[in-house]
Amino acid sequence: MSTATPTVPPSPRQRVTWIDSARCLAMFFIMWLHVGEAPFWMGRPVGGGICLFFLLAGYFMPREASRAAKRALGLGLAWLLWSLITFGLYLLTTPELEWTWNKVFGWEVAAYNTPLWFLRNLTIYQLIIAGLAAVHLLPRCNWLLLALLAAFTYVNEPAQHEGLRFDWMSAVMLGYCLRSVPLNSIEQWLTRHVWYILAAIVLLLVQRELYPLLAKSQGLSYYRCSLPVAQFSYAVLISLTAIGISRLFPRFNALLATAGSCMMFTYVAHSILYGPIYYLNLPRWCGFAYAAGGIALLTWIYLILAKHFPRLMRILTAK
């Protein structure tokens with residue numbers, strides 16, 4: 001008498017802890033900058049952190065065009081809901097505020113919840129990639145399209161909250177192109193060649209300091225000129241730091257990874273958190289404390305809300 005082999009349910013997808021730690025480190029720099037009292041050099045790693053978020057978004061995009069479009073629409077829904085939630089909070093706290101629908105949704109202006117430009121732009125970028133996949137230009141033309149995007153990044157582009165930019169689209173596209181490489185292979189390559197990578201990054205960042213001269217000679221505004229090479233360099237530095245922490249300080253890495261696993265919630269919600277203290281004249285060390293404490297607080301809030309309102313949190317984080 002034969003017995004049927006029991007069906008083993010598939011295990012849930014394992015999260016990569018150094019990736020989540022890198023998300024947390026990137027968010028730390030962003031929150032420190034947003035509080036308004038960050039050191040002068042903070043803008044550079046912040047650009048790398050944003051670049052890292054876009055790279056990872058492209059890397060983890062679904063392969064099928066239909067699923068990629070569904071994912072993009074989920075991001076769009078999260079963007080709209082967060083916009084309305086923020087708008088409702090502003091109505092409750094400052095009813096005398098002069099508002100416009102453009103500022104509610106952050107279209108061509110800074111939104112009431114400024115970080116929402118990220119969700120808005122990422123929604124559009126992923127819809128573009130899903131459309132290219134649907135007409136079979138992807139994946140066969142991955143690298144060609146990436147090269148075309150990169151060629152358009154050295155232009156006088158708008159501020160990130162005012163419109164779409166080629167540099168962020170190229171970051172998403174680069175992540176999409178790298179999907180054929182397993183994460184463990186990327187980690188091994190980064191650690192094996194760490195000194196060569198650091199030397200190359202130093203040279204690139206020296207070139208960044210020479211870029212204002214090039215921008216001036218071209219008649220471009222330096223602060224609005226995209227420099228994706230520098231952004232990518234800092235994204236790699238953040239990743240290398242996260243890999244080092246995961247190997248040398250596993251307990252600390254576990255804390256960072258827990259916080260990093262809910263970074264979308266933290267990224268959007270922190271604007272609501274720091275709004276009341278944004279205009280206070282705080283010393284610079286307060287920005288460091290705010291970023292560290294804010295991430296811990298918002299992680300705790302997310303875990304509680306995810307436990308009691310799982311469906312709502314899946315919608316707000318587009319999971």
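1. The largest nonpolar core of this predicted model contains 81 residues, and within this core Phe54, Trp82 and Met173 touch the most other members. Helix H1, which spans residues 17-34, gives the most to the core, with twelve residues. As general background, nonpolar side chains tend to be buried together in soluble globular proteins.

2. Met173 deserves a separate remark. Leaving aside residues up to four places away in sequence, Met173 touches Ile129, Leu138, Asn142, Leu145, Leu146 and Leu149.

3. The overall architecture may be stated briefly. The protein has 14 helices and zero strands, so that every element in the run from the N terminus is written as α. Of its 319 residues, 44% count as buried. Among contacts with a separation of 6 or more, 78% are accounted for by residues 24 or more positions apart.

4. Leu298 illustrates a buried position. This residue lies in helix H13 (residues 284-308). Its relative accessible area is 4%, and because buried means under 20%, Leu298 falls in that class. Apart from residues up to four places away in sequence, Leu298 touches Met31, Phe265, Thr266, Ala269, His270 and Leu273. Leu298 and Ala259 are 39 residues apart in sequence, while their C-alpha atoms are 8.5 Å apart in space.

5. The aromatic residues form a further topic. The count of aromatic pairs comes to 19. One of these pairs is Trp117 with Phe118: the ring centres are 6.2 Å apart and the planes stand at 80 degrees, so the pair is edge-to-face, given that angles over 60 degrees count as such. Both Trp117 and Phe118 are buried. These two residues also belong to one aromatic cluster, together with Phe53, Phe54, Tyr125, Trp168 and Tyr267. Phe54, a member of this cluster, was named above among the core residues that touch the most other members.

6. The surface should be considered as well. The accessible surface of the protein comes to about 17600 Å², and 68% of this area belongs to carbon and sulfur atoms. A nonpolar patch on the surface is formed by Leu84, Leu91, Leu97, Trp99 and Trp101, which together have about 480 Å² of accessible area.

7. Is Leu91, a member of that patch, buried or exposed? Neither word applies: at 40% relative accessibility, Leu91 counts as partly exposed, because this class lies between the limits of 20% and 50%. Leu91 has its place in helix H3 (residues 65-93).

Conventions: Residues are numbered from 1 along each chain as its sequence is written. This is a predicted model: local features need pLDDT of at least 70, side-chain atom pairs count only at pLDDT 80 or more; totals for chains, interfaces and linings use all residues. Side-chain values use heavy atoms; hydrogens and water are left out. Helices (H or I, at least four residues) and strands (E, at least two) are DSSP runs, numbered from the N terminus. Buried means under 20% relative accessible area, exposed over 50%, partly exposed in between (1.4 Å probe, protein chains only). Contact means heavy atoms within 4.5 Å. Accessible areas come from the Shrake-Rupley method with a 1.4 Å probe; for residues, only the protein chains shown count as cover. A nonpolar core is a set of buried Ala, Val, Leu, Ile, Met, Phe, Trp, Tyr and Cys residues joined through side-chain atoms within 4.5 Å. Patches are made of residues with over 30% relative accessible area and no salt bridge: like charges are joined within 9 Å, nonpolar side chains (Val, Leu, Ile, Met, Phe, Trp, Tyr) within 5 Å. A salt bridge is a side-chain nitrogen of Lys or Arg within 4 Å of a carboxyl oxygen of Asp or Glu. Rings of Phe, Tyr and Trp (its six-membered ring) pair if their centres lie within 6.5 Å; planes under 30 degrees apart count as stacked, over 60 as edge-to-face and the rest as tilted.
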